[in-house]
Amino acid sequence: MTIKLTSVLVDNQDKALAFYTNVLGFVKKTEVPLGEHRWLTVVSPEERDGVELVLEPMGFAPAKVYQQALYEAGIPLTAFHVSDVQQEYERLLALGVQFSLKPTKMGPATLAVLDDTCGNNIQLVQV
Amino acid sequence: MTFYHTRVLEIAKAVYPNDDLCRRVIRSKHFIDHHFAHSINLHQMAGNAFLSKYHYIRVFKSMYGRTPHRYLIEVRIAGAKKLLQSGMPVTQACFSVGFGSVTSFTALFKKITGVTPQTCRRKALQEKQF
């Protein structure tokens, strides 16, 4: 048994794909039509055969309640590892990304939290 | 300030109250990251943090969840994995990242990655053919 997938809940798959590729820099891996929605995944260009991130549409209403509760509390839905949070923060600021937490040290880690425009806070982590 | 931001600051203050100590251990981690391919020892790693060896091991483990020696092994294995995936022979990769013995390198590689160095290299070369 292996871990090959993780997911983020998104309110719009097209908007999510644009943000996660054009802004964050991931690349599309798989796209399969499944009726109203798609099986849609992206991967890091640094690990193209690594874990796939599913851009998961919220067809189940309670998922929206959960997403909104996390978002309003500033809690990240997930986190991505970067080699330099400050550098990534400046790059993304220049692209118009909003941050609820600027680069902040927490012991050995530096964190920042951004808005993915699809209903989520996403954490960037440097260790 | 969001609820999460408040919690991050609370945890940082409670768990990592000594900023100077954190900075010194982070500095020693960077030393490992940049010199892993050389023959470095605990004395040098602890020296970078200006700590006694025993205190250094305790603080490093509390911050990174593993001992400095274990971290050094992991960094070396990660380096070896990249070299093997580029096609470098196993023995050459082993010595390139600072291991002194192919036997112990192979055992550690398998333990950490789940596959032998030979398998890692072979899979990467096979994928390149497609």
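Select β2(A) and β3(A), which form a hairpin with two residues between them, and then pick out Gly35(A) in the turn, where phi is positive at about 75°. As you look, keep in mind that this is a predicted model.

**The sheet of chain A**

Stay with the hairpin and display its backbone: β2(A) and β3(A) pair in the antiparallel sense, and seven bridges connect them. To find one such pair of residues, select Val32(A), whose bridge partner in β3(A) is Trp39(A).

Now move from β3(A) across to β4(A), where the two strands again run antiparallel and are joined by two bridges. Here the residue to select is Val42(A), which has Leu53(A) of β4(A) as its bridge partner.

Next, add β1(A), which is joined to β4(A), residues 52-57, by six bridges, with the two strands running parallel. Val10(A) and its bridge partner Pro57(A) in β4(A) give you a place to look along this pairing.

With the four strands of chain A selected together, you can follow an open sheet in the order β1-β4-β3-β2, in which the pairing is mixed. Which strands of chain A are the edge strands? They are β1, residues 5-10, and β2, residues 27-34, each of which pairs on one side only. If you turn the view to look along the sheet, neighbouring strands are turned by 25° against each other on average, with direction ignored. In a regular strand the side chains alternate between the two faces of the sheet.

Keep the sheet on display and add helix α1 of chain A, residues 13-23, which lies across β1, β2, β3 and β4 of chain A. Compare its direction with that of β3(A), residues 37-43, to which the helix runs at about 10°.

**Where the chains touch**

Select both chains and look at the contact between them, which takes 12 residues from chain A and 13 residues from chain B. On the side of chain B that touches chain A, at least two residues each come from α1 (3-15), α2 (19-35) and α4 (53-64) of chain B. Which helix gives the most to this side? It is α1(B), with seven residues. If you colour this side of chain B by residue class, you will find 11 nonpolar residues, two polar ones and no charged ones.

**Two domains in chain B**

Hide chain A and colour chain B by its domain assignment, which gives domain 1 as residues 19-68 and domain 2 as residues 73-129. The centres of these two domains of chain B, taken over C-alpha atoms, are separated by 25 Å. Where they meet, six residues of domain 1 of chain B are in contact with six residues of domain 2 of chain B. On the domain 1 side of this contact, the residues divide into three nonpolar, two polar and one charged.

**A pair of helices in chain B**

Two packed helices are described by the angle between their axes and the distance between the axes. For the last stop, select α5(B), residues 68-85, and α8(B), residues 117-129, whose axes come within 8 Å and cross at roughly 40°. That angle is why α5(B) is described as oblique to α8(B), and the crossing is right-handed. To see the contact itself, show Ala80(B), Lys81(B), Leu84(B) and Gln85(B) of α5(B), together with Pro117(B), Cys120(B), Arg121(B) and Ala124(B) of α8(B). Coloured by class, this contact of α5(B) with α8(B) has five nonpolar, one polar and two charged residues.

How values were computed:
Residues are numbered from 1 along each chain as its sequence is written. Chains are lettered from A and ligands numbered from 1 in the order in which they are written. This is a predicted model: local features need pLDDT of at least 70, side-chain atom pairs count only at pLDDT 80 or more; totals for chains, interfaces and linings use all residues. Two residues are in contact if their C-beta atoms, placed from the backbone, lie within 7 Å. Ala, Val, Leu, Ile, Met, Phe, Trp, Tyr, Cys and Pro count as nonpolar, Asp, Glu, Lys and Arg as charged, and the others, Gly among them, as polar. Axes are lines fitted to C-alpha atoms, for helices over the stretch in contact, and angles run from 0 to 180 degrees between N-to-C directions. Angles under 35 degrees count as roughly parallel, over 145 as roughly antiparallel, 65 to 115 as roughly perpendicular and the rest as oblique. A crossing is left-handed if the near helix is turned anticlockwise from the far one by less than a right angle, and right-handed if clockwise. Two strands pair if DSSP finds at least two bridges between them. Domain bounds come from an automatic or database domain assignment.
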